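Student: Before I use this model in a calculation, I would like a careful, close look at one part of it, set against the chain as a whole. Please take the description slowly.

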Amino acid sequence: MNGTTDDPTLHDRIELTYLPVLADVREAVRVTLDAARWWRALRGAAYGAAALAFLVAALELLLPGGRDPGTAAGMAGLGAAAVAVVRLMGPVVARAVFLAVRAQGEARAVVDAEGGRWTARDIEQVIRWPMLSRYVETDRLFVLLTPRRTGSGFAYLPKHGLAGPADAERLRALLDRHSARV
């Protein structure tokens, strides 16, 4: 991105222009959470805790001498709450991210051999390839992910922001050269 005419990375430059769409952000957050080990562990723990809570509730109602509806209801509620939190986490995070990016209006992304640059009304962000070491392609997006050791950061490139279908192939090739497909 040095801008000189003899820049060998110039042919690798791909530009996207798009308005933020809630469905894109939801998908990017879902992909990011699915790729995060900590999220899979937390989700498994929540479902395990819910199963245990439902089991305790059932045993409280079915075992002789039990029959404490208050304890059973409390345990069932705890199990339901654990499942609800896990199921709602992605959509709630996506909505919050979407409201922030939508407020910036039209976004522009430029991806080249050095990394990506995202600009909008009040923001400009540059992220180099070492920080975007992994990516996932979906029907709608290219979701760029941070390395596992740094957490679960992401950036996304919606395919509807590309100038044409050939740009998707060029972008895929560029990502394959600088990032690992997950």
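Among contacts in the protein between residues at least 6 apart in sequence, what percentage join residues at least 24 apart? With that answered, please describe the open sheet formed by four strands.

Tutor: Among contacts (heavy atoms within 4.5 Å) between residues at least 6 apart in sequence, 59% join residues at least 24 apart. The model is predicted, so that local features need pLDDT of at least 70 and side-chain atom pairs count only at pLDDT 80 or more, while totals for chains, interfaces and linings use all residues. Residues are numbered from 1 along each chain as its sequence is written, and side-chain values use heavy atoms, with hydrogens and water left out.

The secondary structure comprises four helices and eight strands, these being DSSP runs numbered from the N terminus, with at least four residues of H or I for a helix and at least two of E for a strand. Read from the N terminus, the elements follow the order β-α-α-α-β-β-β-β-β-β-α-β.

Within this framework, four strands make an open sheet in the order S1-S2-S3-S4 with antiparallel pairing, where two strands pair if DSSP finds at least two bridges between them. Strand S1 (14-18) and strand S4 (123-128) are the edge strands, each pairing on one side only, and from one strand to the next the twist averages 10°.

Inside the sheet, strand S2 (residues 107-112) is joined to strand S3 (residues 115-120) by five bridges, and the two run antiparallel; Val111 has Gly116 in S3 as its bridge partner. On the other side of S3, six bridges join S3 to S4, again an antiparallel pair, and S3 and S4 form a hairpin with two residues between them. In this pair, Ala120 stands opposite Ile123 in S4.

Helix H4 (residues 165-178) lies across S1 and S2 and runs at about 120° to S1, where axes are lines fitted to C-alpha atoms, for helices over the stretch in contact, and angles between N-to-C directions run from 0 to 180 degrees.

As for the protein around this sheet, its C-alpha trace spans about 85 × 30 × 25 Å along its principal axes. The radius of gyration of the protein is 22 Å, whereas a compact globule of 182 residues would have one near 16 Å; the quantity is taken over C-alpha atoms, and the globule rule is 2.2 Å times the number of residues to the power 0.38.
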